[in-house]
Amino acid sequence: MEQCYDCGRPCGRRHAVSWMNNEDFLCDSCFNKRSTSAVKAFGGFLFLVFAVGLSWVVSLTVLKPIAAASGYDTAKSVAVGLGIGGVILFFILRYVAGRTAGCLFRMVVKLVGFLAYALGVGLLFLTFLMEDQLKDIVAVKDSNGNAAAEEVGHQ
C-alpha cells in the first residue's frame, strides 16, 4: 500500500504525481484538488474537435452518397440515428468492458466504445449546431454547380 505524496494517507497505487515521477502517488481526493478546471475544459475542447473531425470524415464517406441518392433530409436523419446509436453503443461497450476479463480485450472494447462515442457526439453536434457545414459537406452539385441535394429531397 502506497502513501499519498500530499496528505500521507495510504492510497494504493492510484495516480502518479507527474509523468516524470512514477515513484510517488496521489490519492483520489488530492489528485482531484490538483486537477484544474482549465485542464478539464481544454480536454473537453480537444475531444469536441476530434469528434467533429471524425464525423466530418464519416459525413464525406457515408452521408454524401446517401444525400446523392435520397436527399439531404434522409442524410440528416441517418446522421442523427448514427449519433444516437454511437452514444448508446458507448454505454453498452462500457458495460461489456467492465465485465470482461483480459486487459487487452478490454482495451480494444473501450477504444471502440470511445470512437463510437466520439462519432455520436460529433454527428449530433454537426447535425444540430453546425447544420450549414453539414449541408456544405453532403451537398450534391448538379451540372450547373448549384446545390441539388435540397431539391432532390423535396420532390
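1. Among the contacts in the protein chain that join residues at least 6 apart in sequence, 51% link residues at least 24 apart. This figure, like everything that follows, is computed from a predicted model, and it should be read with that in mind. The secondary structure comes to six helices and two strands, arranged along the sequence in the pattern β-β-α-α-α-α-α-α.

2. On burial and surface, the protein chain has 155 residues, of which 29% are buried. The area that the chain exposes is about 10,100 Å², and 63% of this is supplied by carbon and sulfur atoms.

3. The largest nonpolar core has 14 residues, and those that touch the most other members are L63, L123, L126, L134 and V138. Helices α2 (37–70), α3, α4 (103–128) and α5 (131–138) each contribute at least two residues to this core, with the largest share, four residues, coming from α2. In soluble globular proteins, nonpolar side chains tend to be buried together.

4. One of these core residues deserves a closer look. Once its neighbours within four places in sequence are set aside, L134 is in contact with S59, L63, Y72, L126 and T127. Of these partners, L63 and L126 are also listed among the core residues that touch the most other members.

5. Helix α3 covers residues 72–98. Its 27 residues should span 39 Å at 1.5 Å a residue, and because its end C-alpha atoms are 39 Å apart, the model agrees with that expectation. The buried residues of α3 are Y72, A75, A79, V80, G83, G86, F90, L93 and A97. When reading such a list, it helps to recall that an α-helix has 3.6 residues a turn, so residues three or four places apart point the same way.

6. Which residues form a nonpolar patch on the surface? They are I84, I88, L89, I92, Y95 and V96, which together have about 530 Å² of accessible area. V96 belongs to helix α3, and it counts as partly exposed because its relative accessibility is 34%, which falls between the 20% limit for buried and the 50% limit for exposed.

7. Helix α4 has 26 residues and reaches 37 Å from its first C-alpha to its last, close to the 38 Å expected at 1.5 Å a residue. Its buried residues are V109, G113, A116, A118, L119, G120, V121, G122, L123, L126 and T127, and what covers them includes α2, α3 and α5. Two of these buried residues, L126 and T127, are also contacts of L134.

8. In the loop between α3 and α4 lies T100. Is this residue buried or exposed? T100 is buried, because its relative accessible area of 17% is under the 20% cut-off. Apart from neighbours within four places in sequence, T100 is in contact with F105 and R106.

9. Helix α5 includes E131, which counts as partly exposed because its relative accessibility is 26%. Not counting residues up to four places away in sequence, E131 touches Y72, K76 and L126. E131 and K76 are 55 residues apart along the chain, yet their C-alpha atoms are separated by 9.1 Å. Y72, one of the residues that E131 touches, is also in contact with L134 and is buried in α3.

How values were computed. Residues are numbered from 1 along each chain as its sequence is written. This is a predicted model: local features need pLDDT of at least 70, side-chain atom pairs count only at pLDDT 80 or more; totals for chains, interfaces and linings use all residues. Side-chain values use heavy atoms; hydrogens and water are left out. Patches are made of residues with over 30% relative accessible area and no salt bridge: like charges are joined within 9 Å, nonpolar side chains (Val, Leu, Ile, Met, Phe, Trp, Tyr) within 5 Å. Accessible areas come from the Shrake-Rupley method with a 1.4 Å probe; for residues, only the protein chains shown count as cover. A salt bridge is a side-chain nitrogen of Lys or Arg within 4 Å of a carboxyl oxygen of Asp or Glu. Buried means under 20% relative accessible area, exposed over 50%, partly exposed in between (1.4 Å probe, protein chains only). A nonpolar core is a set of buried Ala, Val, Leu, Ile, Met, Phe, Trp, Tyr and Cys residues joined through side-chain atoms within 4.5 Å. Contact means heavy atoms within 4.5 Å. The expected span of a helix is 1.5 Å times one less than its number of residues.
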